[in-house]
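Q: Please take a close look at the largest nonpolar core and then follow it outwards to the parts around it. Which residues have the most contacts inside that core?

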Amino acid sequence: MSTRWAEARSKATAVARSAHTASPPCARSEPQTVERGEVVAPSITPFAVEEPEAPLYAARRHIYPQSVHGRFRTIKWVVLAITLGIYYLLPFVRWDRGPGAPSQAVLVDLPNRRFYFFFVELWPQEVYYFTGLLVLAAFTLFLMNAVAGRVWCGYLCPQTVWTDLFMQVERLIEGDRRERMQRDAQPMTLNTLALKATKHFFWLMIAWWTGGAWVLYFADAPTLVKDLASGQAPFLAYAWIGILTVTTYFLAGNLREQVCIYMCPWPRIQAALTDEHALNVSYRYDRGEPRGSVKKNAALRARGLPAGDCVDCFQCVNVCPTGVDIRKGLQLDCIQCGLCIDACDAVMKKVGLPTGLIAYDTDINIQRRSEGKPAVFNPVRARTVLYAALIVAVGAIMLYSLAARATVGIGVIHDRNPIYVTMADGGIRNAYTVRLLNKAQEARAFLLIVEGLLAAEVDVVGSAPNPEGQFVIDVGADQTRELRVLVTLHRKPPSPSTPLTFRIVEMRSGEHAKASDHFRGP
Ligand code: SF4
Ligand code: SF4
């Protein structure tokens with residue numbers, strides 16, 4: 001595990017909470033002026049963190065993130081537009097599955113117990129595909145983490161995306177950091193009240209759209225939109241929109257960074273998964289320290305004393321959505337959004353220094369550079385290869401099982417009470433509930449065969465056998481059919497429990513499925 005993350009993890013949230021009071025990982029002593037007027041160079045001791053125990057929860061301080069422009073901000077806008085575009089518009093994308101089948105590309109059809117995702121249709125019996133998807137998602141997250149830290153948190157997590165959107169709305173209405181701070185420091189005026197009311201109105205509108213889009217995944221979207229508008233939609237739809245409006249509003253509008261810091265378990269998990277080769281947004285203290293104003297550092301340099309590139313302008317802190325000072329080292333509060341990189345690069349350009357004082361870097365490189373060694377980047381290593389291999393393996397298994405997926409199925413449930421019935425002639429009868437599954441988009445006929453008991457008489461309640469004495473059962477397209485099947489033996493069964501096999505064979509393709517049960521007797 002990376003040294004810095006090990007520290008961050010061991011101190012858990014406590015260290016992170018005390019971000020503004022804790023010592024930096026590069027514990028730096030201030031330049032000292034001794035009696036003769038000489039300036040003594042500060043010492044840099046990497047990772048020398050000695051902090052008092054901080055409480056597990058610190059009172060919230062209001063964060064006023066400043067707007068910023070740059071590479072990572074642009075990437076975040078693009079990701080935000082794509083992810084929100086997909087979320088809001090996907091329910092309206094159509095997919096032709098043939099007559100009678102839903103035409104919505106992504107649909108959770110709860111009444112009919114189906115999940116549709118473009119060409120994939122899953123039945124409740126195939127819930128293991130969701131398990132596969134979760135496993136795939138977990139390994140993908142692990143791989144992202146091993147290569148570039150909390151990319152998920154910084155760019156893709158819904159909490160980050162919606163909070164980013166809400167913050168932008170806030171900026172557009174209430175102004176940037178300085179304006180908001182000044183306004184909040186003043187007594188409430190009508191103008192402030194109007195601005196805040198407008199902001200909350202737009203937040204609620206976004207939250208409402210978010211809840212509205214969510215329910216569209218559970219019914220035909222265009223029809224549900226009309227029903228919602230005319231008040232004809234089911235009560236549950238309105239209830240879910242209400243619930244999601246409230247949660248989105250509070251999580252993205254009010255709680256914001258508190259969700260990442262206190263509610264989400266991922267920062268703790270990923271701290272245990274990362275290593276010193278993982279790229280993380282890092283302050284290059286080897287280059288930045290000793291920090292000081294442009295003037296102060298120029299004075300140090302003029303005296304031939306070491307001076308870092310950090311001009312201590314706090315721009316990196318001001319733009320941070322979680323209020324982190326990245327110069328104190330990696331912290332659990334840092335969602336790795338890269339906005340401090342943009343802020344610092346802008347400052348570096350202004351003061352005529354090379355950009356990249358804050359950058360995606362690895363622990364090992366910072367260490368190597370301070371020892372005068374060249375930087376190394378090692379994305380291909382045992383853990384990344386292992387995660388990639390697992391992703392490929394799970395993905396291949398899922399693709400294969402989808403491609404080879406059977407479109408017929410059968411389930412059998414033996415009557416429990418009574419287990420068997422003794423007939424007037426001394427014969428024994430067992431009863432079963434048999435469910436036939438036709439997953440094809442066309443009606444099909446299935447031959448039902450019961451095997452395992454010689455001379456047993458099979459009867460399907462409500463169906464007559466064909467002239468050959470066989471039962472052919474019709475099942476509609478994409479439907480199941482439940483049968484009551486009676487198996488009678490007009491003699492003493494060979495044992496109290498004889499294995500039986502129920503087999504169905506599709507009449508045209510020969511595709512078949514089977515299920516096992518028992519014939520019970522005295
Ligand atoms: S410290 Fe930098 S990377 Fe981390 S959350 Fe703040 S702005 Fe984003
Ligand atoms: S933005 Fe860059 S120069 Fe300014 S305080 Fe942060 S690290 Fe130092």
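A: A nonpolar core is a set of buried Ala, Val, Leu, Ile, Met, Phe, Trp, Tyr and Cys residues joined through side-chain atoms within 4.5 Å. Buried here means under 20% relative accessible area.

The model is predicted, with a mean pLDDT of 89 for the protein. Of its residues, 89% reach a pLDDT of 70 or more. Residues 8-50 are another matter: pLDDT stays under 50 there, although the model has 99 contacts beyond four places in sequence for this stretch. Where pLDDT is low, the predicted coordinates should not be read in detail.

The largest nonpolar core has 29 residues. Those with the most contacts inside this core are L84, V106, W162, F166 and I206. Several elements give two or more residues to the core: the helices α3 (71-89), α4 (128-148), α6, α8, α10 (235-255) and α18 (382-403), and the strand β7 (120-122). The largest share comes from α6, with six residues. I206 gives a view from inside: leaving out residues up to four places away in sequence, I206 touches Y88, W162, L165, F166 and V169. Two of these partners, W162 and F166, are also in the list of residues with the most contacts inside the core. Another core lies apart from this one; it has 24 residues, including I428, Y432, L436 and L489.

Two of the helices that supply the core, α6 and α8, also meet helix α7. The buried residues of α7 pack against α6 (158-174), α8 (190-215) and α15. In α7, which covers residues 177-185, the buried residues are R177, R180 and R183. Seen down the axis of α7, these residues fall within an arc of 140°, so they line one face of the helix. R178 and A185, on the other side of α7, are exposed.

The third partner of α7, α15, leads on to ligand 2. Thirteen residues surround this ligand, and the closest are C310, C313, F314, C316 and C344. Two elements, α15 (315-318) and α16 (339-350), give two or more residues to this shell. By kind, the shell divides into ten nonpolar, one polar and two charged residues. F314 sits in the loop between α14 and α15. Its phi is near 65°, a positive value in a residue other than glycine. At 37% relative accessibility, F314 counts as partly exposed.

Q336 lies in the loop between α15 and α16, and this residue is also one of those around ligand 1. Others around ligand 1 include C320, C334, C337 and C340. The shell around ligand 1 divides into nine nonpolar and three polar residues, with no charged ones. Like F314, Q336 has a positive phi, in this case near 60°. At 1% relative accessibility, Q336 counts as buried.

Two peptide bonds deserve a note as well. A cis peptide bond joins E289 and P290, with omega about 0°. P290 belongs to the loop between α13 (285-288) and α14 (294-302). The bond from N417 to P418 is cis too, with omega near 5°, and P418 lies in the loop between β10 (408-414) and β11 (421-422).

How values were computed: Residues are numbered from 1 along each chain as its sequence is written. Chains are lettered from A and ligands numbered from 1 in the order in which they are written. This is a predicted model: local features need pLDDT of at least 70, side-chain atom pairs count only at pLDDT 80 or more; totals for chains, interfaces and linings use all residues. Side-chain values use heavy atoms; hydrogens and water are left out. A residue is near a molecule or strand if one of its heavy atoms lies within 4 Å of it. Helices (H or I, at least four residues) and strands (E, at least two) are DSSP runs, numbered from the N terminus. Ala, Val, Leu, Ile, Met, Phe, Trp, Tyr, Cys and Pro count as nonpolar, Asp, Glu, Lys and Arg as charged, and the others, Gly among them, as polar. pLDDT is the predictor's confidence in each residue, from 0 to 100. Contact means heavy atoms within 4.5 Å. Buried means under 20% relative accessible area, exposed over 50%, partly exposed in between (1.4 Å probe, protein chains only). The arc is that of the directions from the helix axis to the C-beta atoms.
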